[in-house]
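Please look over the sequence and the structure below before reading on. The paragraphs that follow go from the chain as a whole to one helix, and then to a patch on the surface.

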Amino acid sequence: LLAETLSAIGLEVESITDPADRLGAFVVARVLEARQHPNADKLRVCRVDTGKGVVEVVCGAPNARAGMIGVFAPTGTLIPGTGMTLEAKPVRGIVSNGMLCSERELELSENHDGIIELETALGDKLGRRYVDAMGLDDPVIEVKVTPNRPDALGVRGIARDLAAAGRGTLKKEDLGFAEAGTFDCPIEIALRFPNGEEMACPAFAGRLIRGVSNGPSPAWLRQRLRAVGLRPINALVDITNLVSIDRCRPLHVYDADKLAGTIHARFGKPGERFMALDNEEYEADGTMTVIADDSGVLGFGGIMGGASTGCSDKTVNVFIESAYFDPVRTAATGRRTGIRSDARHRFERGIDPRSLPLGIDLATKLIVANCGGSPSRVRMAGTMPAGKTVIAFRPARIEALGGIAVKEAEVKRILRTLGFAVEGKGESLQVTAPSFRPDVHGS
């Protein structure tokens, strides 16, 4: 029913993937013993409690050890990452009755340095399906979003449309960090564009969070990113990706200790080059909006940041960027450089111009909860675009153009559920389009 409703309201469902279909045979298990293989220096022989008995498994992972909780595949299991079906056969003279798996073998990531280590708390779930124990049993729905609906590039935007169509109730929006901050942001922010070109980046907001402890994201966050095909990197970066997917609000985080002077948006200068986060070097020109500091260009605005100021496990002070970039210029820069990124995909379609503070506050709440730290007050350069359109709307046109009659009360309910403000009655409705709907701009 959900897929049918999505397609009926213009959000065409391209595929539905259920992780349980390919990972249903994998179970939570405990390594009871890991001893050296007598015939191979780099192999261990592990006794594994699968929840339904104890089996012997030959394992080459360096992190295999007694007491760890891992993911076990019994014989007969098809391993997604290799396409191999497990057989009970000797490995250097000892029969391996199954396999302890890495993330790459389960197609969860490219990590193949060791087998998956689960939290010790999962030790009471031995024998349970891995997808059930980790909450990976939710189907993933891939939706084809038309270019005029950037709001549907966020999960909440799709949920809003479903609620308006009568499929559930839209939850109250989480607005993130509710406090102002405990100190002024010490990092200066500026917009440095020629007169008449201010719309290249009309608003740039930022916040410093001091004393964070960066590292791997919590399991729930890593799972959500993997479910939509993103590779978890670290907590700070993963949080920005989550906000982008959930609210269609791209953000960027900088290691604040690597910034020099004022961080600002401007046009590039011929010959300016930087190493991007994709490990490729790019050259800017005078048509491109860049983010820079006093040392030079740091990245392309709305497309991709630079490696020199990226966040790592050593980051202790993080600067969050939330800005609005002109869709047309962003698209042109993306085409000239060949960079395809999730940020570009959203900015060139036109994100909500009023979402700057929301993005920062959501990221702040998640960073403080997962990484600690003390947030500053938000600093902003420029002014957020208004992003709202008022339309004189005559409900009678619904039947004239669409061929169906809808009662006025239902018209108002649908519009309000979709985020529109409605005033008046009868044939004299004044409808204000929300800032996240750039596709609605006329009567």
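How many helices and how many strands make up the secondary structure of the chain? In this predicted model, the secondary structure comes to 11 helices and 26 strands, and the C-alpha trace spans about 80 × 60 × 40 Å along its principal axes. Of the 443 residues in the chain, 49% are buried, while the accessible surface comes to about 21400 Å², with 50% of that area belonging to carbon and sulfur atoms. Among contacts with a separation of 6 or more, 69% join residues that lie 24 or more positions apart.

Helix α6 shows how one element sits within the chain. It covers residues 235-247, and its 13 residues reach 18 Å from the first C-alpha to the last, close to the 18 Å expected at 1.5 Å a residue. The helix is mostly covered, since 11 of its 13 residues are buried, including Leu-236, Val-237, Ile-239, Leu-242 and Ile-245, but also Asp-238 and Arg-247. What do these buried residues of α6 pack against? Their partners are the helices α4 (155-164), α5 (219-227), α8 (342-347) and α9 (356-371), together with the strands β14 (252-255) and β21 (317-324). Following α6 comes Cys-248, whose phi is positive, near 55°.

The surface offers another view. Leu-2, Ile-16 and Ile-141 make a nonpolar surface patch of about 240 Å², and of these residues Ile-16 has its place in strand β1, which runs over residues 12-17.

Methods: Residues numbered from 1 in each chain as written. Predicted model: local features only at pLDDT ≥ 70, side-chain atom pairs only at ≥ 80, totals over all residues. Heavy atoms only, no water. Patch = residues over 30% accessible without salt bridge, like charges linked within 9 Å, V, L, I, M, F, W, Y side chains within 5 Å. Areas by Shrake-Rupley, 256 points an atom, 1.4 Å probe, with all protein chains shown as cover. Salt bridge = Lys/Arg side-chain N within 4 Å of Asp/Glu carboxyl O. Helix = DSSP H or I, 4+ residues; strand = E, 2+ residues; numbered from the N terminus. Expected span 1.5 Å × (residues − 1). Buried < 20%, exposed > 50% of the residue type's maximum accessible area, 1.4 Å probe, protein only. Contact = heavy atoms within 4.5 Å.
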